[in-house]
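The following report describes a two-chain model, moving from its secondary structure to its sheets, its helix packing and its interface. Please keep the sequence and the structure in view while reading.

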Amino acid sequence: MGGVAVRMSGVQKRFVSGLPGFRRWSVALDGMSLEVPTGSICAFVGPNGAGKTTTMSILSGYLEADTGQVDLLGGGPFDPARHRGRVGVLPQDAELPPASSPRQLLRIWGRLQGLSGAAVERAVEEALETVMLRERAEEPVRALSHGMRRRVTVASALLGSPELILLDEPTSGLDPAQAAHLRGCLEVLRGRRTVLISSHNLPELERLCDHAVFIDKGRCQQSAPMRALTGADRQAVITLEAPLDGAQEIPIRLADSDPRTLGEAITQELARLIAAGARISEVRRGGSLERRYLDTEGPGEGR
Amino acid sequence: MQNSGRNSGWDFLRDVWLVAVYEAQEAVRTRLLQVALLGWAGIVVAANGLFLWVLHEIEAAMAGALGVPTTDRPGAMLGKMMEEGELDGVARMIGGSENVSFLLQQPILVLWAGAVMMMLLPEFLLIASAASVAAEVQNRAIRYLACRTGRLQIGLGKLLGQVGLALLALGIGVGLSAGMGLFLMVGQPVGGTVGGLLARVPAILAFSLPALGLGLGASMAARTVSGARALALIGFFGSFITYVWLRAELRESATKGVALWERLADLAMILLFPSNWTALWSPEWPDVLAAVARCAIIGAGCFAAGMAVFSRRDL
C-alpha cells in the first residue's frame, strides 16, 4: 500500500447555540489538517473538547465542515453513494434500535452497504464472530447489556471489511478480555485496511497503532509514526533487579549523529552491565505514548 | 462484492425499500406501536359497537311503533330500507344529493367504519410518523443509516414504512369491522363488508397522506420527538381550524359578493386537507382522483419542506 487514506486540510467547524439575538458560537475545529497513511492503524488523541468527535463526525458525513477540504480514499468528503461499503464507522454515543436483534440489524446494514445474497450472511457471521456475539445474535438489542450493545456497534463498523474504518472509543464499555480480542482483530487488519481510532486509552493505542495524531483546540498538534513519537528507534531503558552505582534504570538515548543502531547500543550496554555484576530485570525500547502526549499537550490543567 | 460508487436508480429504489423494511421491522416490534395498534383496534371496536347499539335502539323503537317483531341483532330493518330504496327516497326528500344516493347503496357498516377510519387514521399516522426520524436523530441511531445511504432514501424509506403501518392499521380495522358485521348484525356478509371497506382503503389512505407528510416533515425538521409532535399537531389542527374558519367566511362572503376574497379563500382551501373529505366519498371518479392528487400534493409539500432541513442538518 502507500499514499494517504484520509486527508483534512484547513477544516473549520463552529456550532451555534442560543436563541436569535443571543447566539453563541463555539469553535470546534479551527483549521484542522491531518493525514492518515493508507494501511496504517492510526491513533487519534487529544484532551476532552479538542475536536476528536467533531473530526470523526465530519469524516463520517454526520457533520458538514464550514470550510476546508476533506478527502476519504481519494473520493472527496464522505458521500454514501461513493463511500458506502468502503468506509466503516463506529459512531460515539449512538443508540441502537432497541427492538431488532443484532443479526437483523447487521443484515439490513450489510445490504445497505451494497452486499447481497450469501455475501451478506457471510459478512454478518464474520462480524458477529469478531465481537464474540453469535450466541446472543437473535435477542432484541434491548435485552443486551451495555457491553454487548457496544460489541454490536463495533460489528457494524467492521461489517463487510471496509477499506477505511473510523472507530470512536471502540473499547469503551468492553471488558478486558473483549477489548484484548478486539485489539487482536484490529491488528490483523494492519497493512490491509486503514483504521483511525479515537481514544483516551493511550497504553492500548500504543500497543495497537503504528501512527498517531495529537490534536488540541481544534488543530493538529503533531502527526507522526508511533515509533518516532515514542522514540522506539532511538531510545531504550534497561531496568536492573538491584541498583548499580545508585541507579536501577539505565536509559539509552542515541544522538542523531550516533552511527549505531538501537539494538547495537542495547547489546553493548547489556554487556557492560553484566560485566559489572548487574542482574537484568527488563529491557524496554522507547518511551511511552502517554509520556510523549503529556510532554506535548501538558498535564491538562484548566481543560 | 462491496459497493464502489454505484448510484443507479435501481440502487436508489433498493435502499428506499430496505429502509422501509428496517422502519417497519423495528416499529412493529416496539411496545409503543403495539400499544398504539391495540388502542386503534379498541377505538374501531368501540366506535362500531356504539353504532350498532344506537342502530339496535332505533330499529327496536321503529319496530315497536310499527308493531312488527324486532330482532336480537341490528341491521335487518335498515338493510331492508336501503335495499328497497326507501332510505334513498327519504334522503332525496330532505335535499340529499347524488352523492348521498350513491353512499346509501353501500352496506351501512362500510359507511360507518369507513368514516371512522378515515377520521382517525390521519391522527394515528401523524403521531407515529412524527417520531419516525426525530427519535433516531435524538438518540443518534440515524447515524447507522446515514453512513450507508443517502438522506433522501432514508426519508422516502421511512415514508414507505409508515404507509406499510397504515395498511396494517387499516387491515386490522377492516378485519374487526367485518367480524363485528358478521357476528353482531343481520344481513352483513363478510364479503360485502370486506369488499366495501377495501374499496374505501385508497380514499382513506389518500386522506391520510397530508397527515403522513406533515408528521414526517416535522420529524425531519425537529431535533426531538416532542418538538416534532408539537410541530405536527400545530400544523394538523391549525389547518383543520383554518378550514372551518374559511368555510364559514366563504359562506358569509357569498352573501356579500366579495369576489377577490372568495377566490383567495378558494385557493387557500386547496391547501387545507379537510376540504377533500367530501370529494373522496364522491361517485364521480374525476372528483375522487382530483382529491387524491390534492392530498398527495399537500403531503408531498410537507415532506419536501422537512427533507430540505434534514438533507443539510448535522446528525
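## Chain B and its helices

Chain B has 14 helices and 0 strands, where helices (H or I, at least four residues) and strands (E, at least two) are DSSP runs numbered from the N terminus. The model is a predicted one, in which local features need pLDDT of at least 70 and side-chain atom pairs count only at pLDDT 80 or more, while totals for chains, interfaces and linings use all residues. Residues are numbered from 1 along each chain as its sequence is written, and chains are lettered from A, with ligands numbered from 1, in the order in which they are written.

Of the 315 residues in chain B, 41% are buried; a residue is buried if 20 or more other C-beta atoms lie within 10 Å of its own, exposed if 12 or fewer, and partly exposed in between, with C-beta atoms placed from the backbone. Among contacts in chain B between residues at least 6 apart in sequence, 77% join residues at least 24 apart, a contact being a pair of residues whose C-beta atoms, placed from the backbone, lie within 7 Å.

Helix α9 (residues 151–184) and helix α10 (residues 190–221) of chain B have axes that come within 8 Å and cross at roughly 150 degrees; axes are lines fitted to C-alpha atoms, for helices over the stretch in contact, and angles run from 0 to 180 degrees between N-to-C directions. The contact of α9(B) with α10(B) has, by class, 16 nonpolar, 6 polar and 1 charged residues, where Ala, Val, Leu, Ile, Met, Phe, Trp, Tyr, Cys and Pro count as nonpolar, Asp, Glu, Lys and Arg as charged, and the others, Gly among them, as polar.

## Strands of chain A

In chain A, an open sheet of 6 strands has the order β5-β6-β7-β3-β8-β9, with mixed pairing. Because β5 (87–90) and β9 (219–225) of chain A stand at the edges with a single partner strand each, one side of each is left without a neighbour in the sheet. The twist averages 15 degrees from one strand to the next. Helix α5 (residues 146–158) of chain A lies across β5 and β6 of chain A, running at about 165 degrees to β5(A).

Three strand pairs of chain A are set out below, two strands being paired if DSSP finds at least two bridges between them.

| Strand pair | Bridges | Direction | Facing residues |
|---|---|---|---|
| β5(A) and β6(A) (residues 164–168) | 4 bridges | parallel | A:Leu90 and A:Leu167 |
| β10(A) and β11(A) (residues 247–253) | 6 bridges | antiparallel | A:Ile238 and A:Ile250 |
| β10(A) and β12(A) (residues 280–285) | 5 bridges | antiparallel | A:Leu240 and A:Ile280 |

β10(A) and β11(A) form a hairpin with 2 residues between them, and A:Asp245 in the turn has a positive phi of about 55 degrees.

A:Ala232 lies in the loop between α8 (226–230) and β10 (235–244) of chain A, and A:Ala232 counts as partly exposed because 17 C-beta neighbours fall inside 10 Å. Leaving aside residues up to four places away in sequence, A:Ala232 touches A:Arg227, A:Arg285 and A:Gly286.

## Where the chains meet

Across the interface, 31 residues of chain A are in contact with 26 residues of chain B. On the side of chain A that touches chain B, α2 (80–83) and α3 (102–112) of chain A each supply at least two residues, and the largest share, 5 residues, comes from α3(A). By class, this side of chain A has 15 nonpolar, 9 polar and 7 charged residues.

Key
Contact = placed C-beta atoms within 7 Å.
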